[in-house]
Amino acid sequence: MKNNICLNCGKKLTDKFCSGCGQKADTRRITFKNLLYNDVIQGVFNLELGILYTAKQALLRPGQAALDYIAGKRKRFYNIFYLILLTIGALIFTNNMGDLFGDQSGELVTKKVYLNEASEKLDKIISQKRNIILFLFVPFAAFNSFVLFRKKKLNVSEHSILSGMILLGILLLSTLGNIYFPLNNFLNFSANIASLVITAIIIMYVWYGYFNAFGGDYSNWGTTYRIMLFFVLLCLEIGVLFLLVFGYVSDWKFGEVRITPFG
Ligand SMILES: [Zn+2]
């Protein structure tokens, strides 16, 4: 049965999709066959294609992919910010999984021991708000690249798409690192070296991401010193934020703290 009006929003149908809400015009009764093909297989497959495509783009050409998206090629991308949330979930999961393989001390830590009250508060704030803290990369990085890379005349929100894409890449790399390096533990790969390697890869990736987006606008040196300034600004922003939170938890007395929020 074909309808002349959209069963979702009531608008008159003129094509394969509703011009009002975008739902497919074809809303035949759900049978076993179209349940299997349209709703289950195609639905999951399309979703997965979107996720895989977006993840691959974020890893291989974050700058150009963000520019594509900003320019209007958006259909193939899965929602970047939702994918960031999903990846944070995977990151936390693989962090804990790493403990299963990685912790050779053999001790089960059930309750954390804190140096002082400020350490405890700080640790709690950071571990409870880590999604928000990780997300702060988006506005910080967007502001920095907005200030530094002016030639394309993108606005801060457009720069946020780029910083979102790069945050996604960072989180994907960290997750992959969590999966890869614990396995390498069998080869006696030290955990410190592993996190050093991941950090180096991430810094190179961020570097590459901004080069990928804006390298064509400036000379190589012009891009390089802008990216260096980008990192300086980012460190300053993170430093100020940390001092504010640290001041807050220590009643502005500061002093010594020791935290392991991600452990
Ligand atoms: Zn509709």
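## A walk through an all-helix chain

Start with the whole chain in cartoon view: you should find nine helices and zero strands. Bear in mind as you click around that this is a predicted model. Trace the chain along its sequence and the pattern reads α-α-α-α-α-α-α-α-α. If you colour by burial, 23% of the 263 residues count as buried. Contacts are worth a look too: among those between residues at least 6 apart in sequence, 68% join residues at least 24 apart.

**Stop one: a helix pair.** Select residues 117-128, which form helix 4, and residues 220-249, which form helix 9. Their axes come within 9 Å and cross at roughly 130 degrees. That angle falls outside the 65 to 115 range for roughly perpendicular and is not over 145, the mark for roughly antiparallel, so helix 4 and helix 9 are oblique to each other. Turn the view to look through the pair, and you have a right-handed crossing.

Now show side chains where the two helices meet. On helix 4, pick Ala118, Lys121, Leu122 and Ile125; on helix 9, pick Val245, Phe246 and Val249. What kinds of residues make up this contact? Six are nonpolar, none is polar and one is charged.

**Stop two: serine 195.** Jump to helix 8, residues 191-214, and select serine 195 within this helix. Is serine 195 buried or exposed? It lands in between: serine 195 has 14 other C-beta atoms within 10 Å, so it counts as partly exposed. To finish, add glycine 177 to the selection and draw a distance between the two C-alpha atoms: serine 195 and glycine 177 are 18 residues apart along the chain, and these atoms are separated by 8.2 Å.

Methods. Residues are numbered from 1 along each chain as its sequence is written. This is a predicted model: local features need pLDDT of at least 70, side-chain atom pairs count only at pLDDT 80 or more; totals for chains, interfaces and linings use all residues. Axes are lines fitted to C-alpha atoms, for helices over the stretch in contact, and angles run from 0 to 180 degrees between N-to-C directions. Helices (H or I, at least four residues) and strands (E, at least two) are DSSP runs, numbered from the N terminus. Angles under 35 degrees count as roughly parallel, over 145 as roughly antiparallel, 65 to 115 as roughly perpendicular and the rest as oblique. A crossing is left-handed if the near helix is turned anticlockwise from the far one by less than a right angle, and right-handed if clockwise. Two residues are in contact if their C-beta atoms, placed from the backbone, lie within 7 Å. Ala, Val, Leu, Ile, Met, Phe, Trp, Tyr, Cys and Pro count as nonpolar, Asp, Glu, Lys and Arg as charged, and the others, Gly among them, as polar. A residue is buried if 20 or more other C-beta atoms lie within 10 Å of its own, exposed if 12 or fewer, and partly exposed in between; C-beta atoms are placed from the backbone.
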